[in-house]
Amino acid sequence: MELVTKSKTSVIDIGEAILDNAGHICKSLIKSGKVAVITDSNVAPLYAVRVCGSIKKAGLCPALFIIPAGEEYKNLNTVSEIYNFLAENLFTRSDLLLALGGGVTGDIAGFVSATYLRGINSVQVPTTLVAQVDSSVGGKCGVDLPAGKNLIGAFNQPDYVIIDTSLLKTLPDNIFNDGMAEVVKYGCIFDKDLFELLEANNPRDFITEIVKTCVGHKADVVKKDERDTGERMKLNFGHTVGHAIEKAGNYTSHTHGQAVAAGMVYEARIGEILGITPKGTSERITALIKRFGFETRLPCPAGEVLDAIKADKKILDGRLNLILLRDIGASVIHPITLRELKSVMVV
Ligand SMILES: NC(=O)c1ccc[n+]([C@@H]2O[C@H](COP(=O)([O-])OP(=O)(O)OC[C@H]3O[C@@H](n4cnc5c(N)ncnc54)[C@H](O)[C@@H]3O)[C@@H](O)[C@H]2O)c1
């Protein structure tokens, strides 16, 4: 599949056991030179040898950089260490950067590729479900500041995305399930068939089909709205309340998936109160996401969530764009003032 935006055309390959194509794909992007493989300390022992071997076999020179695993390393220090590594190894704009890992690795490496020498080509090889269905596609990248998550960043489309769903086999269940919150989100906002497939099956049995469907939706939206000013905002379903839950818990009480899962149920309920979402929708979402071990009630009083929403960077002039469901599989962007929102936020 191709993702054509104003800034670049990215190629996205999705399949099982396609990791060993990495070298050949790098070679199609640069004729000679070096490939910096950026990965984390959990993913390196699993897949780095294979990726570096495939790069060598293609006649290119791999250089491995390993980040300690964890969101706490998604910061400017790590970025700076990678800049120094690239400079010491004499990387130029005719070389390549390859991100091998989850969303943390992809976001850091994507940001480095956007900024080192004002931009160097990149390949994303996502290894978590979140990264495969969401973060590796669409070009958003960046790092956290002590003041908040993802406050530094860029839009930077990768040249190539290699999505090998067999890499998910080594993913622990809790991390796989965290990604299922995003998968359910695609069903809620765009795709009733996907939602029903998830209701009736174990997603691990259909994972390649599911990933292809989700990436197709993400690519469609990004094609129309690369800069997140229109249609792309629909991907925020569950995230206004979800981000607030994460913030209220100091980013330690909930994983992103747990917070988004509760956020989707709560935002569906708000839609029901406003008469936009058919009654019973929030119960249907609840039943599905409970299967992935998610708690669906708000973990703190609605007032605390509202306070956290007030600090959301997406609020302009006291209004925000809430994503609501017209039905399972159909979503709308609903501008709402904080006052209106307060009036429909029930405990
Ligand atoms: N740029 C975007 O559009 C976008 C979208 C969604 C999320 N994100 C970002 O993504 C990050 C979360 O991503 P994540 O959930 O992938 O986190 P992550 O990268 O921290 O990965 C989660 C854990 O899984 C391990 N892991 C990765 N692949 C593995 C594999 N195949 N087998 C075994 N273990 C493996 C990692 O080492 C890590 O410990 C957040 O920083 C978030 O802000 C970005």
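What distance separates the centres of domain 1 and domain 2, taken over C-alpha atoms? The separation is 27 Å. The legends below refer to a predicted model.

**Figure 1. Overall view of the protein chain in the predicted model.** The chain is built from 13 helices and 11 strands. Its C-alpha atoms occupy a box of roughly 60 × 40 × 35 Å along the principal axes. The radius of gyration is 20 Å, which agrees with the value near 20 Å that a compact globule of 347 residues would have. Of these 347 residues, 47% count as buried. Contacts between residues at least 6 apart in sequence are made up, for 75%, of pairs at least 24 apart.

**Figure 2. Close-up of the contact between domain 1 and domain 2.** The domain assignment places residues 2–170 in domain 1 and residues 173–344 in domain 2. Across the boundary, 23 residues of domain 1 are in contact with 20 residues of domain 2. On the domain 1 side, the elements that supply two or more residues are strand 1 (2–4), strand 2 (9–15), helix 5 (129–135) and strand 8 (148–155). Helix 5 gives the largest share of that side, 5 residues. Sorted by class, the domain 1 side has 11 nonpolar, 8 polar and 4 charged residues.

**Figure 3. Close-up of the largest nonpolar core.** This core has 95 residues, and Ile38 and Leu98 have the most contacts inside it. Helix 10 (residues 256–273) provides the largest share, 9 residues. Both domain 1 (2–170) and domain 2 (173–344) give residues to the core, so it lies between them. In soluble globular proteins, nonpolar side chains tend to be buried together.

**Figure 4. Close-up of Ile38 and the residues it touches.** Leaving aside residues up to four places away in sequence, Ile38 touches Phe65, Ile67, Ile82, Leu97, Leu98, Ala99, Leu100, Thr105 and Ala109. One of these, Leu98, is named with Ile38 as having the most contacts inside the largest nonpolar core.

**Figure 5. Close-up of the shell around the ligand.** The ligand is surrounded by 29 residues, of which Asn42, Gly102, Gly103, Thr128 and Ser135 are the closest. Two or more residues each come from helix 4 (103–115), helix 5, strand 7 (140–145), strand 8 and helix 6 (173–190). By class, the shell contains 10 nonpolar, 11 polar and 8 charged residues. Helix 5 and strand 8 appear in this shell and also on the side of domain 1 that touches domain 2.

**Figure 6. Close-up of Asp173 in helix 6.** Asp173 has 10 other C-beta atoms within 10 Å and is therefore exposed, the cut-off for exposed being 12 or fewer. Phe292 is 119 residues from Asp173 in sequence, but the two C-alpha atoms are 9.2 Å apart in space.

**Figure 7. Close-up of Asp312 in the loop between helix 12 (302–310) and strand 10 (319–327).** With 14 other C-beta atoms within 10 Å, Asp312 is partly exposed, because this count falls between the cut-offs of 12 or fewer for exposed and 20 or more for buried. Not counting residues up to four places away in sequence, Asp312 touches Thr240, His243 and Leu320. The C-alpha atom of Asp312 is separated by 7.9 Å from that of Ala244, which lies 68 residues away along the chain.

How values were computed. Residues numbered from 1 in each chain as written. Predicted model: local features only at pLDDT ≥ 70, side-chain atom pairs only at ≥ 80, totals over all residues. Helix = DSSP H or I, 4+ residues; strand = E, 2+ residues; numbered from the N terminus. Rg over C-alpha atoms; globule rule 2.2 N^0.38 Å. Contact = placed C-beta atoms within 7 Å. Domains from an automatic or database assignment. Nonpolar A, V, L, I, M, F, W, Y, C, P; charged D, E, K, R; others polar. Core = buried A, V, L, I, M, F, W, Y, C linked by C-beta atoms within 7 Å. Near = placed C-beta within 6 Å.
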